[in-house]
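These are my notes from going through one model, entry by entry. I kept to what could be looked up in the coordinates.

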Amino acid sequence: MLKKDIILFLSFAMVWLMAACQDDDSFTTSPSNLLTFSTDTVKLDTLFSNVPSAAKTLWAFNRSGDGLRCTSIRLERGAQSGFRVNVDGIYLGEDNDYSTNEVEVRNKDCIRVFIEATLPTASIATPEEQSDNLIFTLESGVEQRVNLNAWAWNARLLRNVHITKDSTLDASTTPTIIYGDIRVDSGATLTITPGSTLYFHSDAGMDVYGRLRSIGTADNGILLRGDRIDHMFNYLPYDRVPAQWMGVRFHSSSFDNELRYTELHSTNTAITVDSSDVARQTLLLSHATIHNCQGYGLVTTNAKVTLEDVQITNTLNDCLLVNGGDVSVNNATLAQFYPFDSQRGAALAFNNSYPIVGLSVTNSLLTGYADNVLMGSAVDTTALDHYLFDYCIIRTPKVTTADSVHFTNVIYEDVKDTTTMGEKHFYKIDTDNLIYDFRLDSVSAAIGKANPATALPDDRLGVIRKKTPDIGAYEYIKPED
């Protein structure tokens, strides 16, 4: 009897398993059973013409209750639109007429689709919309469509630019993408015209052995940034992500460089100044912004550098690092709110790895998350002297009497205030969306505290300063009602 019971049980089990397998492997032709997509429109944002995009992912889910067969999945416009599609490992290209056939999606299963694009040259100067449809034709005859959308923007591509004589680079009307380096030879001057925007690829930067003049105006600034103009996430464009390009390096043979009304952001280290003749000016940085760097903002070594109306903010390492030399800073905002790493550097760090000929910091705002955003250190037996902070707001413990000669008319930020930690000075610090506006807020202690005798006549944006000027790169402007 026991043997018969076992045989009977196994028979019932086999029948049950066969029924279950048949149910899992069954496919329907009912028009009411449909695929569900992770999105009805795959948006690739604005893309430069003839430059490959990053890949986006589309998921096609079968939640219909039965298996579905796609008799075809095809790219409607084929090669005309510039989109490239890979469906579950099958590339939709010319060889298969931009389609694939007999794709099965079992119940509660899904397939993954990758979409990229290299958009053709647009017919107009401004971004032009490009679209296509990915069409899923089910065995029932029902067609389901997912729209593919992007905007093509014509751009000029420059590769490994080598400046051997005085030259002008005008990128004010056409976006200009840089692949490789821009190298300015010793004895040559490169001038970037007002209103220009240079888009640097991830491995691109500038090596200046001669002279760079990036001379913008208050109404026509110059922007140096990465070439990713799409989004990492819906809320986060790549332009707000650091390490998008390599920055600018001024080598030891480079002098008399000027960057006015120029912004550099989302770099590794934005500006590096190599050791040179301290008696000659290497760099004047005026009415300029350095922001969001996965290295230093500005690192200068044994050189003569002048900073006027400058914002340097949010860097993994120090916003400004001074390795000796002769450095003058006036009406600067050095704010260290780098959001991607708690081990961020200081707003300003300086040392005497080379002799400090002079370090003057006046009418400047130094703040951030840390209790101490100012770091000075001696790295040899030479005394750490020849530096002065005057009419500044600094988030640092109040200095001792012995050091007070180096700190005059300084307002020490209350480090016991751990609720805003320096954020209260500024118009907007939105760490959720990585949006920062370092203009002064109405509650900032920097308002009216600069020295009228030494403050610069206008601010970072060209706004004329008041008779009682403000500390930092920006004058407070009361919002209009």
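**Entry 1: Ser442.** I looked up Ser442 first; its relative accessibility is 44%, so I list it as partly exposed, a class that lies between buried at under 20% and exposed at over 50%. The model is a predicted one, and I read every value here with that in mind. Ser442 belongs to the segment after strand 38. I then asked which residues Ser442 touches, not counting those up to four places away in sequence. The contacts I found are Ile447 and Tyr476. For Tyr476 I also took the C-alpha separation from Ser442, which is 7.1 Å, with the two residues 34 apart along the chain.

**Entry 2: Pro339.** I placed Pro339 in the loop that runs between strand 29 (333–336) and strand 30 (348–362). Its relative accessible area is 30%, and I noted Pro339 as partly exposed. Leaving out residues up to four places away in sequence, I found Pro339 in contact with Asn314, Leu434 and Tyr436. Asn314 is 25 residues from Pro339 along the chain, and I have 7.4 Å between their C-alpha atoms. Two of these contacts, Leu434 and Tyr436, came up again when I turned to the largest pocket, where they are among the residues nearest its centre.

**Entry 3: the largest pocket.** I noted a volume of about 330 Å³ for the largest pocket. Its lining has 18 residues, and I wrote down Arg240, Glu263, His291, Leu434 and Tyr436 as those nearest the centre. Which elements give two or more residues to this lining? I listed strand 23 (262–265), strand 25 (281–293), strand 27 (304–315) and strand 38 (435–440). Strand 38 supplies the largest share, with 4 residues. By type, I sorted the lining into 7 nonpolar, 7 polar and 4 charged residues.

**Entry 4: strand 25.** I went on to strand 25 as one of the elements behind the pocket lining. Are its residues buried or exposed? I found 13 of the 13 buried, so strand 25 is largely enclosed by the rest of the structure. I then went through its pairings. Strand 27 runs parallel to strand 25, and 10 bridges join the two. Within that pairing I noted Cys293 opposite Thr315 of strand 27. Strand 22 (257–260) is also parallel to strand 25, with 4 bridges, and there I have Asn257 facing Leu283. Strand 23 pairs with strand 25 in the parallel sense too, over 3 bridges. In this pairing His265 has His291 of strand 25 as its bridge partner, and His291 is on my list of residues nearest the centre of the largest pocket.

**Entry 5: an open sheet.** I next traced an open sheet of 5 strands, in the order 1-3-8-5-6 and with antiparallel pairing. Why is one side of strand 1 (36–37) and of strand 6 (90–92) left without a neighbour in the sheet? Both stand at the edges and each has a single partner strand, so one side of each has no neighbour there. Strand 6 is joined to strand 5 (83–87) by 3 bridges, and I noted Val85 opposite Leu92 of strand 6.

**Entry 6: strand 8.** In the same sheet I followed strand 8 (110–117) between its neighbours, strands 3 and 5. Strand 3 (56–61) and strand 8 are antiparallel, paired over 6 bridges. Strand 5 pairs with strand 8 over 5 bridges, also antiparallel. Val113 turned up on both sides: Leu58 stands opposite Val113, and Val87 has Val113 as its bridge partner. I then sorted the side chains of strand 8 by face. Ile111, Val113, Ile115 and Ala117 point to one face and are buried. Cys110, Arg112, Phe114 and Glu116 point to the other face and are not buried.

**Entry 7: nonpolar cores.** Last, I looked up the largest nonpolar core, which has 59 residues; Ile182, Ile271 and Phe389 touch the most other members. I took the contacts of Ile182, not counting residues up to four places away in sequence, and among them are Val161, Ile163, Leu169, Leu190, Leu198 and Phe200. Gly205, Met206 and Asp207 are also contacts of Ile182. I recorded a second, separate core of 31 residues, which includes Leu35, Leu44, Ile115 and Ala152. Ile115 was already in my notes as one of the buried residues of strand 8.

Definitions and conventions. Residues are numbered from 1 along each chain as its sequence is written. This is a predicted model: local features need pLDDT of at least 70, side-chain atom pairs count only at pLDDT 80 or more; totals for chains, interfaces and linings use all residues. Side-chain values use heavy atoms; hydrogens and water are left out. On a 1 Å grid over the protein atoms alone, a cavity is a set of points where a 1.4 Å probe fits but cannot get out, and a pocket is an open set with protein on both sides within 12 Å along at least five of seven lines; lining residues have an atom within 4 Å of a point. Grid points are joined across faces, edges and corners, and a volume is the space filled by probe spheres set on the points. Ala, Val, Leu, Ile, Met, Phe, Trp, Tyr, Cys and Pro count as nonpolar, Asp, Glu, Lys and Arg as charged, and the others, Gly among them, as polar. Two strands pair if DSSP finds at least two bridges between them. A nonpolar core is a set of buried Ala, Val, Leu, Ile, Met, Phe, Trp, Tyr and Cys residues joined through side-chain atoms within 4.5 Å. Buried means under 20% relative accessible area, exposed over 50%, partly exposed in between (1.4 Å probe, protein chains only). Contact means heavy atoms within 4.5 Å.
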